[in-house]
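Welcome! Here is a short tour for anyone meeting this structure for the first time. Have the sequence and the model side by side as you read.

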Amino acid sequence: MACVAVTWARPESTYTDKWDNINVDEILESNRLLKGYVDCLLGKGRCTPDGKALQETLPDALEHECVKCTGKQKSGADKVIRHLVNKRPDLWKELAVKYDPDNIYQARYKDKIDAVKGSA
């Protein structure tokens, strides 16, 4: 789940920065907002335009280690991962089941995931 945060695609060299100024902290601090994004990513709920873009881009970002992510997207992804791993492991697990059923990315990013454990 390396880029479970704000990553959106366009055909150029980076994902669009259209949603780079979304307040990630506000989403993480609100169970309602966070659950809405997670439900969108899991295909269980309605998606906002930015949620839909994230849903479409996440597989590519995971596969290619977020190389097309802007700096803000990488920073937001790190913040989201830290929050989910430490405070919402239930949601982290649900997302992992959907986006990493064969544990490929969990293994690839193990060091990064381990590094954020306990550093919420």
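The notes below go through the core, two of its helices, the disulfides and two single residues.

Please keep in mind that this is a predicted model. A good place to begin is the largest nonpolar core, which has 23 residues. A search of the whole structure also turns up two disulfides, and each of them gets its own points below.

**The nonpolar core**

- Within the largest nonpolar core, the residues with the most contacts are Leu 34, Leu 84 and Leu 95.
- Helices that give two or more residues to this core are α1, α2 (31-42), α3 (49-63), α4 (71-87), α5 (89-99) and α7 (110-116).
- Which element gives the most to this core? That is α2, with five residues.
- Leu 34 is a helpful residue to look up in the model: leaving aside its neighbours within four places in sequence, Leu 34 is in contact with Ile 27, Leu 28, His 83, Leu 84, Arg 88 and Leu 91.

**Helix α2**

- The twelve residues of α2 should span 16 Å at 1.5 Å a residue, and the end C-alpha atoms of α2 are indeed 16 Å apart, which agrees.
- Buried residues in α2 are Leu 34, Tyr 37, Val 38, Asp 39, Cys 40, Leu 41 and Leu 42.
- These buried residues of α2 pack against α1, α3, α4 and α5.
- Asp 39 is a residue of helix α2, and because its relative accessibility is 18%, under the 20% cut-off, Asp 39 counts as buried.
- Setting aside neighbours within four places in sequence, Asp 39 is in contact with Lys 44 and Gly 45.
- Just after α2 comes Gly 43, and its phi is positive, near 75°.

**Helix α5**

- Leu 91, Trp 92, Leu 95, Ala 96 and Tyr 99 are buried in α5.
- Why do the buried residues of α5 line one face of the helix? Seen down the axis of α5, they fall within an arc of 140°, so they line one face.
- On the face of α5 turned away from its buried side, you will find the exposed residues Lys 93 and Val 97.
- The buried residues of α5 pack against α2, α3, α4, α6 (104-108) and α7.

**The disulfide of Cys 40 and Cys 47**

- A disulfide is a covalent bond between the sulfur atoms of two cysteines.
- Cys 40 is joined to Cys 47 by a disulfide, with an S to S distance of 2.1 Å.
- This link of Cys 40 and Cys 47 is right-handed, with 105° about the S-S bond.
- Are the two partners buried or partly exposed? Cys 40 is buried, as its relative accessible area is 1%, whereas Cys 47 is partly exposed, with a relative accessible area of 30%.
- Cys 40 has its place in helix α2.
- Leaving aside its neighbours within four places in sequence, Cys 40 is in contact with Gly 45, Arg 46, Cys 47, Gly 51, Lys 52 and Gln 55.
- Cys 40 and Lys 52 are twelve residues apart along the chain, and their C-alpha atoms are separated by 7.2 Å.

**The disulfide of Cys 66 and Cys 69**

- Cys 66 and Cys 69 form a disulfide in which the sulfur atoms are 1.8 Å apart.
- The torsion about the S-S bond of Cys 66 and Cys 69 is about -90°, so this disulfide is left-handed.
- Cys 66 and Cys 69 are both buried.

**Two single residues to look up**

- Val 67 is found in the loop between α3 and α4.
- Is Val 67 buried or exposed? With a relative accessibility of 58%, Val 67 counts as exposed, because exposed residues are those over 50%.
- Val 67 and Ser 13 are 54 residues apart along the chain, while their C-alpha atoms are separated by 8.7 Å.
- Thr 16 belongs to the segment before α1 (24-29).
- Thr 16 is buried, having a relative accessible area of 14%.
- From Thr 16, the side chain reaches the backbone nitrogen of Lys 18 at 3.2 Å.

Notes
Residues numbered from 1 in each chain as written. Predicted model: local features only at pLDDT ≥ 70, side-chain atom pairs only at ≥ 80, totals over all residues. Heavy atoms only, no water. Helix = DSSP H or I, 4+ residues; strand = E, 2+ residues; numbered from the N terminus. Buried < 20%, exposed > 50% of the residue type's maximum accessible area, 1.4 Å probe, protein only. Polar contact = N/O pair within 3.5 Å; in protein donor to acceptor, adjacent residues only side chain to side chain. Core = buried A, V, L, I, M, F, W, Y, C linked by side-chain atoms within 4.5 Å. Contact = heavy atoms within 4.5 Å. Arc of directions from axis to C-beta. Disulfide = S-S within 2.5 Å. Expected span 1.5 Å × (residues − 1).
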